[in-house]
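Colleague: Got a minute to walk me through this one? I'd like to start with the helices.

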Amino acid sequence: MGSTSADARYPLSEPHESGMLDVGDGHSLYWEVSGNPGGKPAVVLHGGPGSGSSPGKRGLFDPERYRVVQFDQRNAGRSTPSATEPVVDLSANTTPHLVADIEALRVHLGIERWLVQGGSWGVTLALAYAEAFPERVTEMVLAAVTNGDRRDTDWITRDMGRVFPREWERFRDGVPVDERDGDLAAAYSRLLHDPDPGVRAKAAHEWCVWEDTHMSLAPDAAPSLSVEDPGFQLAFARLVTHYWSHGCFLEEGQLLRDIGRLHGIPAVLIHGRYDVSGPLGTAWALHRAWPGSELVVLDDTGHGGGSMTAAIVAATDRFARGR
């Protein structure tokens, strides 16, 4: 298989193993394994932060060749406690916590080394994990490349008002007047934890409307987050703003600075030309600093869609063949 059509993907194999992993701090992670139990191990890191794992991601891997591990990051999806609850404490949800969780799951499943696949925020997390545990990573397939720098999150929350001025004014005006010139992610985060459920729901929806706006300049881009149910919107927005208002719990420039730790790990970086929320420059800088990485630029998509699935499948097929 491994077609190059825009919708190329494998049939979705059902999980043959699943469970909840206690990772401490009162957190338990939902995890599942699909594909071939004796196949090449791969772990999928979902985006957001906060979107949760998706059954469709199983289709990125040949189920006869791969043992595919998916899990919901802290407070997301089926992991507990859920960020959908009226009151939730996110203090034990940071990038170092998530990196430790990935390693704990690897140990729990008895996997020696695995391919790491991630998209969007999942790329930032994949890089942080691989730089902490390079000896555990065989290859990387990273789509819609991000690195968690404040420069990039400021671009999304403020600078992109020059590209979408009307939509950005609506986004900015979703917070109190005295907070509109400050950290908009932090301002939204406060609203998303307001005691009033109406305030929380409105802030979550406005955040998701803005996210849908900036995902792509492609003419066929369709909304996705703003049409989700209110519970998903609340969890998603809470986790994104929690991470962005804290600089993704990384030092500025950390992942690019430490990219030398990944030398020798084969990687495919896949990025859409129309991705206005994550300009191509971030993927380009990582590629230039990372010998052995390959950059695939797609001319028909933004932060997802188009031929991105086909490009990911082509990469996972190639690594399954040992090339």
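Modeller: Sure; helices here are DSSP runs (H or I, at least four residues), numbered from the N terminus. This is a predicted model, so local features need pLDDT of at least 70 and side-chain atom pairs 80 or more, while totals for chains, interfaces and linings use all residues. Residues are numbered from 1 along each chain, and side-chain values use heavy atoms, without hydrogens or water.

Colleague: OK, which residue follows helix 1, and what's its phi like?

Modeller: Glycine 110 comes right after helix 1, with a positive phi near 70°.

Colleague: And which residues of helix 1 are buried?

Modeller: Counting buried as under 20% relative accessible area with a 1.4 Å probe, protein chains only, the list for helix 1 includes Leu98, Ile102, Leu105 and Leu109, and also Asp101, Glu103 and Arg106.

Colleague: Switching topic: which residues touch the most other members in the largest nonpolar core?

Modeller: Val116, Leu127, Met140, Trp207 and Trp290, out of 67 residues. Helix 2 (residues 121–132) gives the largest share of this core, eight residues. A core here means buried Ala, Val, Leu, Ile, Met, Phe, Trp, Tyr and Cys joined through side-chain atoms within 4.5 Å.

Colleague: What does leucine 127 touch?

Modeller: With contact as heavy atoms within 4.5 Å, and leaving out residues up to four places away in sequence, the partners of leucine 127 include Met140, Ile259, Leu286 and Trp290.

Colleague: Is there a second core, and how many residues does it have?

Modeller: A separate one has 19 residues, among them Val44 and Val313.

How values were computed. Buried < 20%, exposed > 50% of the residue type's maximum accessible area, 1.4 Å probe, protein only. Helix = DSSP H or I, 4+ residues; strand = E, 2+ residues; numbered from the N terminus.
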